[in-house]
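Let's read a structure together, one feature at a time. Bring your questions, and we will work through them as we go.

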Amino acid sequence: MDHQHLSTLLWREQELLDLLLFKAEEKQYLILTGKTRWLARIAHEIEVVLDQLRTLEVERAAATEQIAGRLGLTANPSLRQLAEVAPVPWSDLYVKHHENLLTLVTELRTLSDANKGLIEGGLAAIGDALLSTRGTAAGTYTNHGRAAGNAYRAVTLDGAL
């Protein structure tokens, strides 16, 4: 493995993070428009992208370890540490990758927090609506066929039946 391979993996990671950001924005749109029918689908699509990122992360860690060993770095260096000791032009490219990844992750966190807030707000509204119906009589009956709560009312029966 070499610098070119690691750089390719970093580009792929950026592409996947960008796709994840797009999916998160789609999810926000669905939440805001109330199109909850598609939330399960978008959640699945997000999980697929996250699985791809996890797989890529393992490959990137292996490539980083090999390059770090050749450059005399300790195990599991950060991308910033790798950029400090890598030869030119790779050092500059690693700095750019680091900046781009940091920007994408920050955007994802912000959007994820916003989506979480929207979902929690929606759940709270549903909970409030359910609580507001608690005080009203549901018109249920006991096992003896009487109205629950001993609430009797007059009933007119049609004699023709």
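What follows is a short dialogue on reading folds, helix packing, salt bridges and single residues in a predicted model.

Q: Where do I begin, and what is the secondary structure of the chain?
A: Begin with the elements and their order. This model is predicted, and its chain has four helices and zero strands. Read from the N terminus, the elements run α-α-α-α.

Q: How much of the chain is buried?
A: Burial is read from relative accessible area, and under 20% counts as buried. Of the 161 residues in the chain, 24% are buried.

Q: And what do the contacts say about sequence separation?
A: Here you set aside the pairs that are close in sequence and look at the rest. Among contacts between residues at least 6 apart in sequence, 62% join residues at least 24 apart.

Q: How do I read the packing of two helices, say H1 and H2?
A: Take the angle and the axis distance together. H1 and H2 pack at an angle of about 160°, and their axes are 9 Å apart. An angle over 145 degrees counts as roughly antiparallel, so H1 is roughly antiparallel to H2. Their crossing is left-handed.

Q: Which classes of residue make up the contact of H1 with H2?
A: You can sort the residues of a contact by class. This one has 20 nonpolar, four polar and nine charged residues.

Q: Now for charged pairs: how many salt bridges are found in the whole structure?
A: The search is for a side-chain nitrogen of Lys or Arg within 4 Å of a carboxyl oxygen of Asp or Glu. It finds seven salt bridges in the whole structure. One of them pairs lysine 23 with glutamate 26, at 3.5 Å from N to O.

Q: Where do lysine 23 and glutamate 26 sit along their helix?
A: For a pair within one helix, look at the spacing in sequence. Lysine 23 and glutamate 26 lie three residues apart in helix H1 (residues 3-33), so about one helical turn separates them.

Q: Is lysine 23 buried or exposed?
A: Compare its accessibility with the 20% cut-off for burial. Lysine 23 has a relative accessible area of 12%, so it is buried. Its partner glutamate 26 has 26% and is partly exposed.

Q: What about the pair of arginine 60 and glutamate 57: how far apart are they in helix H2?
A: The same kind of reading applies. Both lie in helix H2 (residues 39-71), three residues apart, about one turn of the helix. Their side chains meet in a salt bridge at 3.3 Å, N to O. Arginine 60 counts as buried at 16% relative accessibility, while glutamate 57 counts as partly exposed at 33%. Salt bridges that share partners also join Glu13, Glu57 and Arg60 into one network.

Q: Which accessibility class do glutamate 47 and arginine 54 fall into?
A: Check each side of a pair separately. Glutamate 47 is partly exposed at 36% relative accessibility, and arginine 54 is partly exposed at 45%. Their side chains form a salt bridge of 3.2 Å, N to O.

Q: Let's turn to single residues. What does alanine 68 touch?
A: For one residue, combine its place, its burial and its contacts. Alanine 68 is in helix H2, and its relative accessible area of 1% makes it buried. Leaving out residues up to four places away in sequence, alanine 68 touches Leu73, Thr74, Pro77 and Leu82. A C-alpha distance adds another view: alanine 68 and valine 85 are 17 residues apart along the chain, with 9.1 Å between their C-alpha atoms.

Q: Can we finish with serine 91, and where is its place?
A: Gladly, and the steps are the ones you have just used. Serine 91 lies in helix H4 (residues 90-132) and is buried, with a relative accessible area of 10%. Beyond its neighbours within four places in sequence, serine 91 is in contact with Ala83 and Ala86. The C-alpha atoms of serine 91 and arginine 80 are separated by 8.9 Å, and these two residues are eleven apart along the chain.

Note on methods: Residues numbered from 1 in each chain as written. Predicted model: local features only at pLDDT ≥ 70, side-chain atom pairs only at ≥ 80, totals over all residues. Heavy atoms only, no water. Buried < 20%, exposed > 50% of the residue type's maximum accessible area, 1.4 Å probe, protein only. Contact = heavy atoms within 4.5 Å. Axes fitted to C-alpha atoms, helices over the stretch in contact; angles between N-to-C directions. Parallel < 35°, antiparallel > 145°, perpendicular 65-115°, else oblique. Left-handed = near helix turned anticlockwise from the far one by under 90°. Nonpolar A, V, L, I, M, F, W, Y, C, P; charged D, E, K, R; others polar.
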